Amino acid sequence: MKEKFIADLKKTGKNGIEDLLSYLKEIEFYDKPASIRHHLNVTGGLLEHTENVKKEYLKLNEEINAGIPKENMIIQASIHDLEKCFAYTSEMQNTITEGQNNFLRSLVRDNMDLYNTYGLDRYVENKEFIISKEYASDLIKWFKDGRNIAPPDVRSDWNYNENNLPLNHSMRAILEASKFIELDERDVLAITYHMGPYGPFDERKRSKAEELYPDVRLLHLADSIATKKEDIEAALSNK
């Protein structure tokens with residue numbers, strides 16, 4: 001999968017592709033998850049999701065004869081979620097809220113046997129839990145359920161990066177890719193609006209972008225189809 005991803009980007013013939021590929025390796029693109037709680041929330045999930053989107057995008061373009069150049073589709077699909085390389089980190093960041101910490105401490109006082117049996121003190125420093133807010137939610141649910149089973153593991157090796165640059169998801173992808181390759185106008189618009197109506201942009205401007213290039217609608221559709229398929233596959237595998 002990684003080899004195909006690299007080969008496809010090289011085939012675009014874009015100046016700067018080799019530098020972009022080196023950068024993707026540097027920012028751990030091939031290791032990052034596609035999400036934390038949802039589709040492909042596993043190591044390598046981002047690459048898999050990217051390839052799934054590209055596959056659906058190419059198929060849609062052929063099926064409806066949209067006429068989008070293949071090179072543009074490869075570029076757009078390959079970098080549309082680039083921001084996720086910065087949004088997720090393998091470090092367990094101390095993002096637990098004060099309210100969560102207070103609640104967990106009260107739960108521990110009432111369930112010291114569970115706390116001691118399962119060695120939860122490994123998550124505590126100076127009587128404060130030092131964990132992510134996501135894992136704090138998991139532990140709270142575990143305590144409240146009262147089941148005498150081992151506490152949940154951290155759901156994956158990845159957490160939200162609270163130190164991420166406060167920039168829109170799409171804009172960060174464009175910013176980072178533009179350091180190495182020149183994006184066409186259609187690429188910028190497709191990536192900007194790839195979240196469709198769920199993105200934080202003016203609907204009138206998105207509609208105008210859709211009128212200019214079919215890429216805008218189709219990249220969003222391909223992303224939606226790929227994500228839905230990934231969710232269904234995950235649900236079926238967990239049965």
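Tutor: Helices and strands are DSSP runs, with at least four residues for a helix and at least two for a strand, numbered from the N terminus. In this predicted model, the chain has 12 helices and 4 strands.

Student: What box do the C-alpha atoms of the chain fill along the principal axes?

Tutor: The box is roughly 65 × 35 × 35 Å. Of the 239 residues in the chain, 48% count as buried. Among contacts between residues at least 6 apart in sequence, 71% join residues at least 24 apart.

Student: How should one read burial, and why is helix H4 largely enclosed by the rest of the structure?

Tutor: A residue is buried when its relative accessible area is under 20%. Helix H4 spans residues 70-79, and 8 of its 10 residues are buried, so the rest of the structure largely encloses this helix. The buried residues include Asn-72, Met-73, Ile-74 and Ile-75.

Student: Which helices do the buried residues of H4 pack against?

Tutor: They pack against H1 (2-11), H2 (17-26), H3 (45-63), H9 (169-177), H10 (185-192) and H12.

Student: How is a pocket to be read, and which residues lie nearest the centre of the largest pocket?

Tutor: A pocket is an open set of grid points, and its lining residues have an atom within 4 Å of a point. Here the largest pocket holds about 380 Å³ of space. Its lining has 19 residues, with Lys-84, His-169, His-194, Met-195 and Asp-223 nearest the centre. Helices H5 (84-87) and H12 (214-237) are the elements that each give two or more residues to this lining; the largest share, 4 residues, comes from H12.

Student: How many residues of each class does the lining of the largest pocket have?

Tutor: The lining comprises 6 nonpolar, 9 polar and 4 charged residues.

Definitions and conventions: Residues numbered from 1 in each chain as written. Predicted model: local features only at pLDDT ≥ 70, side-chain atom pairs only at ≥ 80, totals over all residues. Heavy atoms only, no water. 1 Å grid on protein atoms, 1.4 Å probe; cavity = no way out; pocket = protein on both sides within 12 Å on 5 of 7 lines; lining within 4 Å. Points joined across faces, edges and corners; volume = space filled by probe spheres on them. Nonpolar A, V, L, I, M, F, W, Y, C, P; charged D, E, K, R; others polar. Buried < 20%, exposed > 50% of the residue type's maximum accessible area, 1.4 Å probe, protein only. Contact = heavy atoms within 4.5 Å.
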